[in-house]
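Colleague: Could you take me closely through one part of this protein, the largest pocket, and then set that pocket in its surroundings? Please state the cut-offs behind each term as you go.

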Amino acid sequence: MVARKEVSLILERFVPATGVPGWPGAWEGDARFEFSVVFTSYDATIAALKMVAALASGLSARIALVVPQVLPYPLPLENPQVVLEFTQKRLGEVASDIPVETTIRHYLCRDRLVTLSAVLKPGSIVVIGARKKWLPTREKILARRLRRFGHDVILTETT
């Protein structure tokens with residue numbers, strides 16, 4: 001049986017805090033506190049980033065924006081036939097508006113939960129943006145599952 005590669009990192013980009021000098025090497029060996037924000041939708045993720053930026057700036061923490069983009073099986077992960085430049089440009093714009101050091105980690109994957117389980121450090125503080133609804137949403141289910149894996153999850157709901 002041949003094992004399939006299930007996750008492919010296509011972008012890891014450092015975005016320095018607005019008005020604060022930064023460089024990618026600043027993250028190497030740096031033991032500062034880190035929040036992981038999981039991309040769900042643009043509006044919900046922007047709201048989550050703004051909320052966590054207020055927390056992170058007071059703690060001298062940094063943010064990792066984790067973007068698991070699910071591709072169907074007919075498309076190869078190594079060379080997908082999807083336009084990635086638009087998504088990456090938009091993510092860069094979102095991250096550059098945050099006044100905290102941010103790293104964007106964009107993954108192409110088959111399963112979002114499997115990818116997040118593989119890339120998040122044990123016991124990570126994960127922030128997920130979601131729309132406010134009384135029914136269980138995809139984001140609420142993801143938050144519950146990540147909690148089962150031992151992560152601390154903050155769910156920010158927007159209207």
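Modeller: What follows goes from the pocket to a residue pair, then to the cores and one helix. This is a predicted model, in which local features need pLDDT of at least 70 and side-chain atom pairs count only at pLDDT 80 or more, while totals for chains, interfaces and linings use all residues. Residues are numbered from 1 along each chain as its sequence is written, and side-chain values use heavy atoms, with hydrogens and water left out.

The protein has four helices and six strands (DSSP runs, H or I of at least four residues for helices and E of at least two for strands, numbered from the N terminus), and from the N terminus on their order is β-β-α-β-α-β-α-β-α-β.

The largest pocket has a volume of about 240 Å³. A pocket here is an open set of points on a 1 Å grid over the protein atoms alone, where a 1.4 Å probe fits, with protein on both sides within 12 Å along at least five of seven lines, and lining residues have an atom within 4 Å of a point; the volume is the space filled by probe spheres set on the points, which are joined across faces, edges and corners. Of the 15 lining residues, E34, S36, K121, S124 and I125 lie nearest the centre of the pocket. Strands β2 (34-38), β3 (62-70) and β4 (102-109) each supply at least two residues of the lining.

E34 also has a partner in strand β3, where R62 lies: the side chains of R62 and E34 make a polar contact at 3.3 Å (a pair of N or O atoms within 3.5 Å, one able to donate a hydrogen and the other to accept it, with residues adjacent in sequence counting only if both atoms are side-chain atoms). R62 counts as buried because its relative accessibility is 5%, buried meaning under 20% relative accessible area with a 1.4 Å probe and protein chains only.

Turning to the interior, the largest nonpolar core (buried Ala, Val, Leu, Ile, Met, Phe, Trp, Tyr and Cys residues joined through side-chain atoms within 4.5 Å) has 21 residues, of which F35, V37, L49, I63, L65 and L91 touch the most other members. Elements giving two or more residues to this core include β2 and β3, and its largest share, six residues, comes from α1. Apart from it lies another core of twelve residues, including L113 and I128.

L113 is also one of the buried residues of helix α3 (residues 112-119), together with R112, T115 and L116.

Note on methods: Buried < 20%, exposed > 50% of the residue type's maximum accessible area, 1.4 Å probe, protein only.
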